[in-house]
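Dear colleague,

I am passing on the structure we spoke of, with some notes on what was found in it. Please have it open beside this message as you read.

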Amino acid sequence: MRNKWRPANLYLVAVFVVLYAPIFYLMFYSFNSGGTMHGFESFTWEWYAEVFQDTRLLIIVLNTLVIALLSAAISTILGVVGALAITHVRRHRRRKALLSLNNVLIVSPDVIIGASFLILFTMIGIRLGFTSVLLSHIAFSVPIAVLMILPKLEEMSPTLVDAARDLGASRLDVLTKVILPFIRPGIFAGFFMALTYSLDDFAVTFFVTGNGYATLAVEIYSRARQGISLSINALSTLIFLFTVILVIGYYFINRRGAKQVGWEAGK
Amino acid sequence: MRNSLKNVYLIPYCLWILLFVVAPIVLIVYYSLFDIEGNFTFANYANFFTPVYMKMTLSSFWYAFLITLFSLLIAYPAAYLLTKTKHKRLWLMLIILPSWINLLLKAYAFLGIFGTYGAANALLEVLGIGSQQILFTDFSFVFVSVYIFIPFMILPVFNALEEMNAGLIDAARDLGASGWTTFRRVVVPLTMNGVKAGCQAVFIPALSLFMITRLIAGNRVITLGTAIEQHFLVTQDWGMGATIAVFLIIAMAAIMVLTGGRKRGTQA
């Protein structure tokens, strides 16, 4: 039995190696004093120092984080509103139509979203830059937030709301003291997904960013187009570590959320 | 009816839909009807059906097809074997983790690996083949794209395999089906939805990702996405760009219908 799975395991290991090799290749050469992605000369922190001394780059990192946090927060709020709106629609047909419209931006290719937003912003006269990038990040994060929150809302028994109403809670009370605490894990998940969508996005931002304003992905693209520079490698290593931390954080938040629901249900 | 009147949440949400979902699509179609000077015309559509654009569209579809096919060929066995491992959730997470890293960085890594003195050429030297021009070829484009899309193919296939009732396989084996027959007649049909979801998740981006073609394929490969980017951001011919975008939307809708429509059939 053990032997039977040997080649199988080998295949899986090969897939893993291929998936991770480029990333580690990138990270490995970020320590190369030679300045190229071949022929490792000697170990150096030089490229990391360069990254941290590059004020322009640090401003771009800050921009990226501000956009990510702001757009995630706003799109999560809109996501809650959207999910509530969808659950309040009782007619099956309309609900399906709303959901399909919701999902359009998830399945649309980035170029289409980028190009159409570019047209939209120029038409309403929004200057390309911070505002246009923020607005488009909010726009494409809303549907995923809705999708993360909706299942939690549907899971909630309507009797909870009825009970609260019977006991004299106002509509606002019902929302803040019954519904929102119940769907909190979904809200967290939505926020996190919106955050990663925003951090990961390149194509849409590239279209609506205009001159003079850049997020990290746009900056990496324009640098990578000029060829290899090991400060990108150093930057990627830092981003990789950040991503791993983010994934672990997400995992724990998810677990805590799951536990809390279990605990509240048990109560 | 009373309910929908009370539904205050619908107002901001529908505003969002109107502004960022409906309006952009309408605007794309609207812009496709104007030429670069702003005159109303159908010339863009006529232009699209000239050999130049037709060839580009066909080659874009061909590359997307190749990328999807290779992703599936690699991902399906991997997903299948993943379900057999002991800590499959952990393994799955490890497979998914690279997909959280920005694809630009992964493409950039291949600039080094496939470069003239990179690891790939070093390996070819050792094997005695000698160094080749790998970067800026269609091979490198397909390879890097497949590399990037594998996790997106594994995930839905894995989920479909997990959802499958394991008793069905035992039943097939008990009834005398060979391992291969069981796989072909039971496992594959039951995971078809996962495969379709995966193909959808790979094929549409493969048609439209322009940064991989720009970084890895030089200007050798032009996909629909590259053409749209070119028209919008380089030549500023928004009308033609919008026209290609209209066709990309149509292609996307067709793929969704094609891969999504069978669900009813399999359930019946």
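Gln236(B) sits in the loop between helix H13 (224–234) and H14 of chain B. Its backbone deserves a look, since phi of Gln236(B) is near 60°, a positive value in a residue other than glycine. As background, most residues other than glycine have a negative phi. With a relative accessibility of 45%, Gln236(B) counts as partly exposed, because that class covers what lies between the 20% limit for buried and the 50% limit for exposed. Please bear in mind throughout that this is a predicted model.

A second positive phi occurs at Phe136(B), where the value is near 65° and the residue is again not a glycine. Phe136(B) belongs to the loop between H7 and H8 of chain B, and its relative accessible area of 40% makes it partly exposed.

As for the chain as a whole, chain B contains 15 helices and zero strands, and its C-alpha trace spans about 75 × 70 × 35 Å along the principal axes. Chain B has 268 residues, of which 51% count as buried. Among the contacts in chain B with a separation of 6 or more, 70% are accounted for by residues 24 or more positions apart.

Two helix pairs in chain B may interest you. In one of them, the axes of helix H2 (residues 10–31) and helix H14 (residues 238–260) of chain B come within 7 Å and cross at roughly 125°, an angle that makes H2(B) oblique to H14(B). The crossing of H2(B) past H14(B) is left-handed. On the H2(B) side the contact is made by Ile28(B), Val29(B) and Tyr31(B), and on the H14(B) side by Trp238(B), Gly239(B), Ala242(B), Ala245(B), Val246(B) and Ile249(B). By class, the residues of this contact between H2(B) and H14(B) divide into eight nonpolar, one polar and no charged.

In the other pair, helix H5 (residues 88–96) of chain B packs with H8(B) at an angle of about 160°, their axes being 9 Å apart. Since angles over 145 degrees count as roughly antiparallel, H5(B) and H8(B) are therefore described in that way. H5(B) also passes H8(B) in a left-handed crossing. Here Lys88(B), Arg89(B), Leu92(B), Ile95(B) and Ile96(B) of H5(B) meet Pro151(B), Ile154(B), Leu155(B), Phe158(B) and Glu162(B) of H8(B), and the residues of the contact divide into seven nonpolar, no polar and three charged.

Turning to the aromatic residues, the structure holds 46 aromatic pairs over all chains. In one of these, the ring centres of Tyr63(B) and Phe141(B) lie 5.6 Å apart with their planes at 85°, so the pair is edge-to-face. This pair links distant parts of the chain, with Tyr63(B) in helix H4 (residues 51–84) of chain B and Phe141(B) in helix H8 (residues 138–163) of chain B, 78 residues apart. Both Tyr63(B) and Phe141(B) are buried. There is also one aromatic cluster whose members include Phe202(A), Phe206(A), Phe207(A) and Tyr221(A) together with Tyr30(B), Tyr31(B), Phe34(B) and Trp238(B). Of these cluster members, Tyr31(B) and Trp238(B) also take part in the contact of H2(B) with H14(B).

Lastly, Ala122(B) lies in helix H7 (residues 119–127) of chain B and, at 38% relative accessibility, counts as partly exposed. Ala122(B) and Ile28(B) are 94 residues apart in sequence and 47 Å apart in space, C-alpha to C-alpha.

With best wishes

Terms used:
Residues are numbered from 1 along each chain as its sequence is written. Chains are lettered from A and ligands numbered from 1 in the order in which they are written. This is a predicted model: local features need pLDDT of at least 70, side-chain atom pairs count only at pLDDT 80 or more; totals for chains, interfaces and linings use all residues. Side-chain values use heavy atoms; hydrogens and water are left out. Axes are lines fitted to C-alpha atoms, for helices over the stretch in contact, and angles run from 0 to 180 degrees between N-to-C directions. Helices (H or I, at least four residues) and strands (E, at least two) are DSSP runs, numbered from the N terminus. Angles under 35 degrees count as roughly parallel, over 145 as roughly antiparallel, 65 to 115 as roughly perpendicular and the rest as oblique. A crossing is left-handed if the near helix is turned anticlockwise from the far one by less than a right angle, and right-handed if clockwise. Contact means heavy atoms within 4.5 Å. Ala, Val, Leu, Ile, Met, Phe, Trp, Tyr, Cys and Pro count as nonpolar, Asp, Glu, Lys and Arg as charged, and the others, Gly among them, as polar. Rings of Phe, Tyr and Trp (its six-membered ring) pair if their centres lie within 6.5 Å; planes under 30 degrees apart count as stacked, over 60 as edge-to-face and the rest as tilted. Buried means under 20% relative accessible area, exposed over 50%, partly exposed in between (1.4 Å probe, protein chains only).
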